[in-house]
Amino acid sequence: MGLAPDWQPELGILLSSEGFTTDRITQLDVVLPLLEKGGVQAVFLAAGPLPAGDLLLLQRIRELSPQTAVAVVTNKPTDPDLKRAFESSATAFLSWPASSDAVRHAIGRNRST
């Protein structure tokens, strides 16, 4: 979402190699119609403060699709980023670079199946 963080292309390649279809969005509200189709397994966000509107959208995503993972990714994890991520409805926090197992775990930890 937003400006492409340097980890984003690598994450896309890793997800593709794991069989996931990926798409980059620039605004979080684009996810809402995709949820209605049932095709969103995870949303990956850059760590950092989010505008109030995006925080509300994350809460709405979690309400509409509790099985959709919301993973926050950063190159340099800090306690404030970690705290802020989970306060903002994240289900996972990834320090990049992350292993494919860590990414799969971030996506799958919220799955009910």
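Me: Where is the place of aspartate 54?
Reply: Happy to start there, and keep in mind that this is a predicted model. If you follow the chain to aspartate 54, you arrive in a helix, and that helix is H3.

Me: Is aspartate 54 buried or exposed?
Reply: A residue is called buried when its relative accessible area is under 20%. Aspartate 54 has a relative accessibility of 16%, so it counts as buried.

Me: How far apart in space are aspartate 54 and alanine 85, C-alpha to C-alpha?
Reply: Along the sequence, aspartate 54 and alanine 85 are 31 residues apart. In space, going from C-alpha to C-alpha, the distance between aspartate 54 and alanine 85 is 12 Å.

Me: Which elements make a right-handed β-α-β unit?
Reply: Let's begin with the strands: S1 and S2 run parallel and are joined by five bridges. One of the pairings puts leucine 45 opposite its bridge partner in S2, valine 72. Add the helix, and the right-handed β-α-β unit is made of S1, H3 and S2.

Me: Where does serine 65 lie, and is it buried or exposed?
Reply: Serine 65 sits in the loop between helix H3 (52-64) and strand S2 (69-74). Its relative accessibility is 4%, and the cut-off for buried is under 20%, so serine 65 counts as buried.

Me: Which side chain makes a polar contact with the side chain of serine 65?
Reply: A polar contact needs a pair of N or O atoms within 3.5 Å. Here the side chains come to 2.6 Å, and the partner of serine 65 is threonine 68.

Me: How much space lies in the largest pocket, and which residues are closest to its centre?
Reply: The largest pocket holds about 650 Å³ of space. It is lined by 23 residues, and the closest to its centre are Thr21, Thr22, Asp23, Ala42 and Phe44.

Me: How do the residues of the lining of the largest pocket divide into nonpolar, polar and charged?
Reply: Helix H1 (8-17), helix H2 (31-37) and strand S1 (42-46) each supply at least two residues of this lining. By class, the lining residues of the largest pocket divide into 14 nonpolar, six polar and three charged.

Me: What volume does the largest cavity have?
Reply: Searching the whole structure turns up one cavity of 30 Å³ or more. Its lining includes Leu45, Val72 and Ala85, and by class the lining has eight nonpolar, two polar and two charged residues. The volume of the largest cavity is about 80 Å³.

Me: Which element gives the most to the lining of the largest cavity?
Reply: Both S1 and helix H4 (79-87) supply at least two residues of the lining of the largest cavity. With three residues, the element that gives the most is H4.

Me: What is the phi of serine 89?
Reply: Serine 89 is found in the loop between H4 and S3, and at 17% relative accessibility it counts as buried. Most residues other than glycine have a negative phi. Serine 89 is not a glycine, yet its phi is positive, at about 80°.

Me: Which residues does a cis peptide bond join?
Reply: Most peptide bonds are trans. For the cis one, look to the loop between strand S3 (92-95) and helix H5 (100-108), where proline 97 lies. With omega of about 10°, this cis bond joins tryptophan 96 and proline 97.

How values were computed:
Residues numbered from 1 in each chain as written. Predicted model: local features only at pLDDT ≥ 70, side-chain atom pairs only at ≥ 80, totals over all residues. Heavy atoms only, no water. Helix = DSSP H or I, 4+ residues; strand = E, 2+ residues; numbered from the N terminus. Buried < 20%, exposed > 50% of the residue type's maximum accessible area, 1.4 Å probe, protein only. Polar contact = N/O pair within 3.5 Å; in protein donor to acceptor, adjacent residues only side chain to side chain. 1 Å grid on protein atoms, 1.4 Å probe; cavity = no way out; pocket = protein on both sides within 12 Å on 5 of 7 lines; lining within 4 Å. Points joined across faces, edges and corners; volume = space filled by probe spheres on them. Nonpolar A, V, L, I, M, F, W, Y, C, P; charged D, E, K, R; others polar. Pairing = 2+ DSSP bridges. Right-handed = clockwise from strand over helix to strand, strands pointing away.
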